[in-house]
Amino acid sequence: MRISVKAPAKINLTLDTLYKRPDGYHEVEMVMTTVDLADRVELTLLASDEIRLECSASFVPDDARNHAYKAAQLLKEKYKVKQGVRIYIHKQIPVAAGLAGGSSDAAAALRGLNKLWNLGLTLDELAEIGAQIGSDVPFCVYGGTALATGRGERIEHLTPPAPCWVILAKPPIGVSTADVYGNLRINESTKHPDTAYMLKAIETQDFQLMCKSLGNVLEDVTLSLYPQVKQIKELMLASGADGVLMSGSGPTVYALVQKEAKVQRIYNALRGFVKDVYVARLLGCTEAEILA
Ligand code: ATP
């Protein structure tokens, strides 16, 4: 028996840090949504009691360091599963890019294994298990659009935002999320996004308000470490993007546009500058559509 599950990337429409907690993590407030740039996670039932993992990208770990492997391990241990699985990840989402590729693979593995191993778990239960792997995994279990708080693991579902095109560009650098948070100093000059306005923009499907309300408190940190990220943002705006933001801790930057005519113009401008450029649509919908 084989199951194939789509694992879409996420982008941050907002990312704010409220304060540093006693456990060392930042209390965050993020609006996230899925886009149709996706990995595909194939799960094949094995009669033998083992987890095997392969990935189309050779530099991604294929052992217990892989988030999808961890997902299988956790389910196996918790529910005493005696069957095994072969996990094949067809990688499309750039790695260490701020797009939660690894987290989405883990979430897809959780959803798929729930079926393959007949566990009958709810999405809430899968999300709870996912939180042990990483803060972005619970959001990826549900997909769609959500406000994430806590370390990012507390999810409040939102309606889909106004439909639009998303052009993503990743400069050839990998960014460590821990390093970016480590360099974050919150003070009076910190630019905080207005999360309330973003929530209003989503609720009313107001595309212009959504573009105006984009904000990421980590952006200035990554921009100061990697000037290419700033250049990409400027290029996107100069080419007609309606809104531009860095996703997560970066380095991927995305542009939002509603008019299809602008998509090619922005894509062409970026391709002269970076190799990794992707055109996608906001998914913004529910897990049911992600499973397709
Ligand atoms: P986030 O936005 O959640 O911070 P990211 O997009 O910045 O995530 P990932 O692509 O998830 O980063 O990868 C971060 C690290 O996790 C990589 O350096 C990689 O070694 C490791 N990793 C573990 N499992 C995976 C996976 N399935 N796909 C990609 N990377 C993985």
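## Polar contacts of the ligand

In this predicted model, a polar side-chain atom of Asn-66 lies 3.1 Å from a nitrogen atom of the ligand. His-67 joins in through its backbone, with an N or O atom 3.0 Å from a ligand nitrogen atom. Ala-100 also takes part: one of its polar backbone atoms is 2.9 Å from an oxygen atom of the ligand. On its own the ligand would expose 610 Å², and the protein buries 80% of that area.

## The shell around it

Let's step back to the neighbours. The ligand is surrounded by 20 residues, with Ala-96, Ala-100, Gly-102, Asp-105 and Asp-136 the closest. By character, this shell splits into eight nonpolar, seven polar and five charged residues. Helix α2, spanning residues 101–116, supplies the largest share of the shell, at four residues.

## The pocket it occupies

Which pocket holds the ligand? The ligand takes up space in the largest one, whose volume is about 1,000 Å³. Its lining is made of 43 residues, and those nearest the centre are His-67, Ala-100, Ser-103, Asp-136 and Thr-177. Two or more lining residues come from each of β1 (2–20), β2 (26–46), α2 and α5 (177–182).

Helix α2 turns up again here, giving four residues, the largest share of the pocket lining. In the lining as a whole you will find 20 nonpolar, 17 polar and six charged residues. Ala-100 is worth a second look on screen: this residue is listed among the closest to the ligand and among those nearest the pocket centre.

Conventions: Residues numbered from 1 in each chain as written. Predicted model: local features only at pLDDT ≥ 70, side-chain atom pairs only at ≥ 80, totals over all residues. Heavy atoms only, no water. Near = heavy atom within 4 Å. Polar contact = N/O pair within 3.5 Å; in protein donor to acceptor, adjacent residues only side chain to side chain. Areas by Shrake-Rupley, 256 points an atom, 1.4 Å probe, with all protein chains shown as cover. 1 Å grid on protein atoms, 1.4 Å probe; cavity = no way out; pocket = protein on both sides within 12 Å on 5 of 7 lines; lining within 4 Å. Sits in = over half its atoms within 2 Å of the grid points. Nonpolar A, V, L, I, M, F, W, Y, C, P; charged D, E, K, R; others polar. Points joined across faces, edges and corners; volume = space filled by probe spheres on them.
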